[in-house]
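Colleague: Could you take me through one part of this model in detail? I'd like to start from a single charged contact and work outwards.

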Amino acid sequence: LVSGGQHVDAGTPLARLDDTALQAELRRVRRELDTQLRKRMLDPADAAATQALVSLRGQERGTLDRIEQRWIRAPHPGTVSDLRVRPGQHIEVGDIVMSLVQDDERRRVIALLPGGDRPQLHPGMSLRLE
């Protein structure tokens, strides 16, 4: 949902994991909810329909919570960098999908140079990176 170099605020959605099965489950639960609600409205004394409504509302809330967990959101404001995934790519638990550099975080470069170059280096010298 974002691209490298893009600035985001805390809570901004960065990516969404596949939730096709959860969306299908939510549609099924909502269809059943509508059916049970019609039954309840036709017969307010129907205890089975009332119990089914309570159960289905819980299932709906649980499914919505699981769908929400499929979103990756920015934990803090910052700039998106090092984007490592593309749409449709399979990822595993623990895979790094991107980096988010905090606004107040100082950036630094660590360069490893041959030891023979050390006598030529002095503090404050400019360095060009490509």
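Which side chain meets that of R57 in a salt bridge, and what is the N to O distance?

Modeller: Happy to! The partner of R57 is E60, and their side chains meet in a salt bridge at 3.4 Å, N to O. Before going further, a word on the model: it is predicted, so local features need pLDDT of at least 70 and side-chain atom pairs count only at pLDDT 80 or more, while totals for chains, interfaces and linings use all residues. Residues are numbered from 1 along each chain as its sequence is written, and side-chain values use heavy atoms, with hydrogens and water left out.

A salt bridge here is a side-chain nitrogen of Lys or Arg within 4 Å of a carboxyl oxygen of Asp or Glu. R57 and E60 both sit in helix 2, 3 residues apart, which is about one turn of the helix. In general, an α-helix has 3.6 residues a turn, so residues three or four places apart point the same way. Helices (H or I, at least four residues) and strands (E, at least two) are DSSP runs numbered from the N terminus.

E60 has a second partner: its side chain also meets that of R30, at 2.8 Å from N to O. This pair links distant parts of the chain, since R30 belongs to helix 1 (residues 20–42) and E60 to helix 2 (residues 47–68), 30 residues apart. R30, R57 and E60 are thus linked in a network of salt bridges.

How covered is each member? E60 counts as buried because its relative accessibility is 12%, where buried means under 20% relative accessible area, exposed over 50% and partly exposed in between (1.4 Å probe, protein chains only). The two arginines are partly exposed: R30 has a relative accessible area of 37%, and R57 has 39%.

Helix 1 deserves a look of its own. At 1.5 Å a residue, its 23 residues should span 33 Å, and the end C-alpha atoms lie 34 Å apart, so expectation and model agree; the expected span is 1.5 Å times one less than the number of residues. The buried residues of helix 1 are L22, L26, V29, L33 and Q36. Helix 2 is included in what covers them. The two helices are therefore linked by the R30–E60 pair as well as by this cover.

The search of the whole structure finds 6 salt bridges. Another of them joins E68 and R73, whose closest N and O atoms are 3.0 Å apart. Both ends are partly exposed, E68 with a relative accessible area of 39% and R73 with 34%.

Moving along the chain, H76 lies in the loop between strand 3 (71–73) and strand 4. H76 counts as buried because its relative accessibility is 18%. Leaving aside neighbours within four places in sequence, H76 is in contact (heavy atoms within 4.5 Å) with D9, A10, L100 and Q102.

Strand 4 then takes us into the sheet. Here 3 strands form an open sheet in the order 1-4-5, with antiparallel pairing. Strand 1 (7–8) and strand 5 stand at the edges with a single partner strand each, so one side of each has no neighbour in the sheet. Two strands are taken to pair if DSSP finds at least two bridges between them. Strand 4 (residues 78–81) pairs with strand 5 over 4 bridges, and strand 1 pairs with strand 4 over 2 bridges. As for the register, T79 stands opposite V101 and V80 opposite L100, both of these partners being in strand 5. On the strand 1 side, V8 faces G78 of strand 4.

One backbone detail is worth checking by eye. D82, in the loop between strand 4 and strand 5, has a positive phi of about 50° although it is not a glycine. D82 is partly exposed, with a relative accessible area of 39%.

Finally, have a look at V109, in the segment after strand 5 (99–102). V109 counts as exposed because its relative accessibility is 56%.
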